[in-house]
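Work through the exercises below with the predicted model open. Try each task before reading its solution.

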Amino acid sequence: MKILMVNRVLYRRSNAENEMFRLGEALQGMGHQVSFFALDDPRNLPLKDAYVIKHPPMSSGRALRVSLFDRGAREHMLKRIMADRPDLALVWQVNRTLTYSVVDALTAADVPVWVMLTDFTPVCPAQSLARDGSECRKCLVHRNAWPCFFHRCDGDRWGKSFAAALESQWMRLKKRWDLPNGYLVPSEYHRLMMERGRFTHAPIKDVGIPLAEQAFLPQQTRRGEYLLYVGRLEMRKGIVTLLDALQQCVAALPLLVVGDGPEMERLRQIVREFGLQNRVNFTGQIGSDPLRRAMAGCLCLVVPSECEEIAPWALLEAQAMGKPAIVSDRSVLPERITSGKNGLVFRHRSSPELAQCLDAMAEISDEDYQSMCVCARETALEQYTPDVFAHRVLKAVGAVGEE
């Protein structure tokens with residue numbers, strides 16, 4: 001099968017590109033022919049089967065029009081299809097760059113096209129379902145993007161939020177979201193949010209998410225002596241709840257905090273106020289190898305998030321290593337952890353419940369701990385390998401004709 005991957009860039013810019021490359025490698029390993037279509041960028045990887053286009057210099061007015069529908073990109077896509085007609089197109093992030101003009105070209109040529117959603121863009125122009133660090137459902141519930149503009153959810157600049165809201169409204173008005181054969185999302189929670197927004201009549205299917213092959217190195221079951229938090233240091237990540245729980249729990253467990261963010265100094269002050277200076281260590285950002293060593297040596301990972309998580313990579317990677325986790329019941333997290341099997345789940349923002357989970361993990365028997373480690377590893381092998389992801393994508397696409 002000839003499969004065309006479409007994205008704005010061809011370098012590892014974000015999780016979307018990582019997902020695309022992992023899927024492409026897995027599909028090639030299965031014998032499929034994979035090619036790429038993207039904007040030209042000096043950072044793009046030198047891929048053999050890649051078709052890249054250049055955006056000419058343009059005025060701000062033309063740039064706004066092109067951010068809604070790029071006729072030049074559509075023409076280039078039609079040329080690409082005529083040169084080597086694909087059997088399937090998988091589209092990642094094209095909003096405000098290539099736009100759905102490329103989807104229009106693919107559907108006009110009767111090429112099956114599925115969009116890989118890695119954020120909440122269709123129901124939230126700011127892509128996060130959050131405003132000022134707090135949950136926001138206005139655009140999703142009202143199916144109207146203008147709250148994003150009025151509250152400047154997509155940044156401090158009015159222009160950026162206006163462009164995001166305008167694009168979303170235009171896509172709904174012109175029914176552009178209905179162009180693809182369907183949408184593929186990383187979790188059941190994500191699927192439910194998308195269906196709640198009613199932005200399309202096309203099917204929306206959960207296909208999971210892939211980890212890199214190197215994440216599945218030999219299992220680590222050594223019982224560590226410290227808790228590990230990995231993530232951005234901001235209030236919506238629930239780290240204050242974690243610090244509050246830490247001072248409430250009976251077990252004097254140390255906490256290693258890996259990551260950086262705007263609330264670093266404020267969190268250090270909270271640590272001092274709670275009298276936890278001797279138990280909490282902030283490392284800042286660290287490399288992948290030191291992070292893997294930190295995961296290998298921890299008792300468990302703690303993900304106390306109070307916001308919309310799409311792909312908590314640290315959690316998935318910890319599971320791939322065979323480490324249990326304590327997570328909040330927010331968004332996708334309960335899908336990744338079955339309480340009592342591969343970790344524990346607590347009610348988000350509840351520091352007493354989290355403290356109980358911390359004590360339970362500290363007191364768990366070696367036999368039960370090893371069982372959690374094995375279950376965490378099995379969960380990762382069953383759900384997060386690139387081959388499993390590729391099979392799920394192909395199954396979802398193949399199921400369209402059966403519905």
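**Exercise 1. Find the order of the strands in the open sheet of seven strands, then find what packs beside β9.**

Solution. Start with the order: β3-β2-β1-β4-β5-β8-β9. The pairing is parallel. Next, find the edges. β3 (50–53) and β9 (204–206) each pair on one side only. The twist averages 20° from one strand to the next.

Now take the β9 edge. Strand β8 (residues 182–185) runs parallel to β9, and three bridges join them. Tyrosine 183 has isoleucine 204 in β9 as its bridge partner. Helix α8 (residues 188–197) packs on this sheet and touches β8 and β9. Its direction makes about 165° with that of β9.

**Exercise 2. Do the same for the open sheet of six strands.**

Solution. The order reads β12-β11-β10-β13-β14-β15, with parallel pairing. The edge strands are β12 (280–284) and β15 (343–346). The twist averages 20° from one strand to the next.

Move to β10 and β11. Strand β10 (residues 227–230) pairs with strand β11 (residues 255–258) in the parallel sense, over four bridges. Leucine 228 has leucine 256 in β11 as its bridge partner. Helix α9 (residues 239–248) packs on the sheet. Its contacts are β10, β11, β12 and β13 (300–303). The direction of α9 makes about 170° with that of β11.

**Exercise 3. Is helix α4 mostly covered or mostly open, and what does it pack against?**

Solution. Count the buried positions. Helix α4 (residues 101–108) has eight residues, and six are buried. They are Ser101, Val102, Val103, Asp104, Ala105 and Leu106. The helix is therefore mostly covered, taking buried as under 20% relative accessible area. Then trace the partners of these buried residues: β1 (2–6), β2 (33–39), α3 (71–83), β4 (88–91) and β5 (113–116). Just after α4, check the backbone: aspartate 110 takes a positive phi of about 60°.

**Exercise 4. What surrounds the buried glutamate 19?**

Solution. Place glutamate 19 in helix α1 (residues 15–29). Look for a salt bridge: glutamate 19 has none. The nearest side chain of opposite charge, arginine 22, is 7.4 Å away. A salt bridge needs nitrogen and oxygen within 4 Å. Look next for polar partners. The side chains of glutamate 19 and tryptophan 92 make a polar contact of 3.1 Å. Finally, leave aside neighbours within four places in sequence: the contacts are Trp92, Met116, Thr118, Ile209, Pro210 and Phe389.

**Exercise 5. Which parts of the chain are tied together by the salt bridges of aspartate 84 and aspartate 366?**

Solution. The total count is 19 salt bridges. In one of them, aspartate 84 meets lysine 2 at 2.6 Å, N to O. Aspartate 84 lies in the loop between α3 and β4, and lysine 2 in strand β1, so the pair ties together parts 82 residues apart in sequence. Aspartate 84 counts as partly exposed, at 24% relative accessibility. Lysine 2 is partly exposed too, at 30%.

Turn to aspartate 366, which meets arginine 223 at 2.9 Å, N to O. Aspartate 366 lies in helix α15 (residues 366–383) and arginine 223 in the loop between β9 and β10, so this pair ties together parts 143 residues apart in sequence. Aspartate 366 is exposed at 54% relative accessibility, whereas arginine 223 is partly exposed at 26%.

Key
Residues are numbered from 1 along each chain as its sequence is written. This is a predicted model: local features need pLDDT of at least 70, side-chain atom pairs count only at pLDDT 80 or more; totals for chains, interfaces and linings use all residues. Side-chain values use heavy atoms; hydrogens and water are left out. Two strands pair if DSSP finds at least two bridges between them. Helices (H or I, at least four residues) and strands (E, at least two) are DSSP runs, numbered from the N terminus. Axes are lines fitted to C-alpha atoms, for helices over the stretch in contact, and angles run from 0 to 180 degrees between N-to-C directions. Contact means heavy atoms within 4.5 Å. Buried means under 20% relative accessible area, exposed over 50%, partly exposed in between (1.4 Å probe, protein chains only). Lys and Arg count as positive and Asp and Glu as negative; His and the chain ends are not counted. A polar contact is a pair of N or O atoms within 3.5 Å; within protein, one must be able to donate a hydrogen and the other to accept it, and residues adjacent in sequence count only if both atoms are side-chain atoms.
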